[in-house]
Amino acid sequence: MTKTENEMWSNSWVMAHAEEMLPMLIKIRRRLHQHPELGTDEYETGAIIREYLDQWGISYQYPVADTGLVALVKGKKAAACGEAESDEKQCSPGGSITVGLRADMDALPVQEDESRPYCSRNPGVMHACGHDAHMTIALGAAWLLKRHEKDWFGNVKIFFQPAEETCGGAERMVQEGCMENPHVDYVLGLHMMPSYEYGEVELKYDDLNASSDEVRLIIKGKGCHGAYPDGGIDAITAAAALIQSLQTLVSRRISPFQNAVLSLGTINGGTAANVVADRVELEGTLRTTDSQTRRMAKDYIRQMTENICRAYGGEGEAIFTPGYDALINTNEIVDLVGETVCQSLGKEHIHFKPFPSLGVEDFSFFLNKAPGAFYHLGCACQEKGIGAPLHNKQFDIDERALSLGVALQVMLVIKLLNRR
């Protein structure tokens with residue numbers, strides 16, 4: 001497809017080129033879909049990605065966070081001062097801009113419906129959350145940008161991230177320096193969303209996903225024979241009082257205008273039916289959407305555990321294991337996504353999420369280091385029978401969402417690079 005200087009990188013030009021790529025994108029996505037791997041085991045997945053990057057002449061760093069990799073595409077268009085940029089010289093004021101694109105790599109322990117010709121070949125493992133599509137979109141964006149590298153200026157880094165569903169690869173990638181050399185100025189991410197049809201985009205200002213903390217509560221009492229309870233300290237009774245009291249965390253200690261949930265999922269204690277238990281352990285999860293509420297909730301849980309157990313004559317300890325941080329979008333970048341969708345698809349295809357999800361998403365660790373946005377791309381198609389929820393064995397996507405995802409990511413990249 002030919003171009004003129006004026007139409008290069010216009011929304012219509014990018015959309016047309018992305019649509020032409022659809023057969024290639026479908027082939028890549030189905031190949032990745034057939035070879036899913038769980039978090040921290042994405043070796044074959046990484047090999048497939050590197051194979052494409054090698055074919056296209058795109059450089060990358062591997063390994064990052066053990067099984068992840070970071071690809072780098074450099075634009076070669078003359079810089080603002082009229083000279084070509086090099087690694088040694090930054091011509092434009094403030095230097096070139098670097099935009100990061102994130103694609104998660106891992107699959108889920110789900111046995112896929114085997115009726116599809118491209119279903120998983122790894123028993124009990126399936127790309128049931130759309131990560132195969134995310135990788136494909138990132139590869140497609142890299143291919144399009146590389147193919148026209150002489151027509152733009154700046155850098156694009158693509159983070160192929162492991163273990164989003166398990167231990168969280170994003171934080172490890174950041175710790176290993178993926179946001180530096182060159183420094184990432186903006187970062188973008190997207191997620192397949194089967195609650196919307198293909199062609200629809202969901203946005204959210206500010207808080208999109210919650211933070212998570214594993215909660216472990218230890219109640220210590222004094223064991224004795226059940227026939228003589230006055231000789232011991234019943235850890236089960238103290239645990240029951242603590243569980244009841246913790247229900248007031250959300251209803252009485254947190255403002256109704258803030259978001260939080262505490263769910264206790266396991267309780268273990270006691271050794272025999274006729275013995276007063278000397279120890280009980282509770283485990284659960286705490287979800288919040290801002291750092292102040294997160295800190296206050298932990299303090300309250302700790303105080304309640306210690307004080308209630310003390311009141312029953314025992315001891316209590318609260319142990320927190322941090323999970324993911326809250327995902328907080330940068331509003332001006334959300335505006336840019338909305339503007340791009342409006343220009344390309346129409347305002348009627350934009351949907352604003354009214355409330356944050358208390359599920360987690362470790363894209364938050366990239367946003368802790370650079371402004372950016374995470375948005376949802378509709379992938380359902382009721383006419384084709386595609387609409388199963390995420391993490392379901394019937395999950396699938398309308399593959400037209402692949403080319404739309406490439407187009408939106410590339411358009412956003414170019415607009416951010418032009419901010420220099």
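Leaving aside its neighbours within four places in sequence, which residues is serine 211 in contact with? This tour of a predicted model begins at that residue.

**Stop one: serine 211.** Please select serine 211, which lies in strand E8 (residues 211–220). Once the neighbours within four places in sequence are set aside, its contacts are Leu286, Arg287, Thr288, Arg294, Tyr324, Asp325, Ala326 and Val360. Serine 211 counts as buried because its relative accessibility is 2%, and buried means under 20%.

**Stop two: the partner of E8.** Next, select strand E12 (residues 279–288), which pairs with E8 in the antiparallel sense over ten bridges. To view one of these positions, select aspartate 213 together with leucine 286, its bridge partner in E12.

**Stop three: the whole sheet.** Now display four strands in the order E10-E12-E8-E13; they form an open sheet with antiparallel pairing. At the edges are strand E10 (260–269) and E13, each of which pairs on one side only. From one strand to the next, the twist averages 20 degrees. Add helix H8 to the view: H8 packs on the sheet and touches E8, E10, E12 and E13. The direction of H8 makes about 155 degrees with that of E13.

**Stop four: glycine 313.** Finally, select glycine 313 in the loop between helix H8 (291–311) and strand E13 (315–322). Is this residue buried, partly exposed or exposed? Glycine 313 counts as partly exposed because its relative accessibility is 45%, a value in between the limits of 20% and 50%. For a last distance, select cysteine 224 as well: the C-alpha atoms of glycine 313 and cysteine 224 are separated by 14 Å, and the two residues are 89 residues apart along the chain.

Note on methods: Residues numbered from 1 in each chain as written. Predicted model: local features only at pLDDT ≥ 70, side-chain atom pairs only at ≥ 80, totals over all residues. Heavy atoms only, no water. Helix = DSSP H or I, 4+ residues; strand = E, 2+ residues; numbered from the N terminus. Buried < 20%, exposed > 50% of the residue type's maximum accessible area, 1.4 Å probe, protein only. Contact = heavy atoms within 4.5 Å. Pairing = 2+ DSSP bridges. Axes fitted to C-alpha atoms, helices over the stretch in contact; angles between N-to-C directions.
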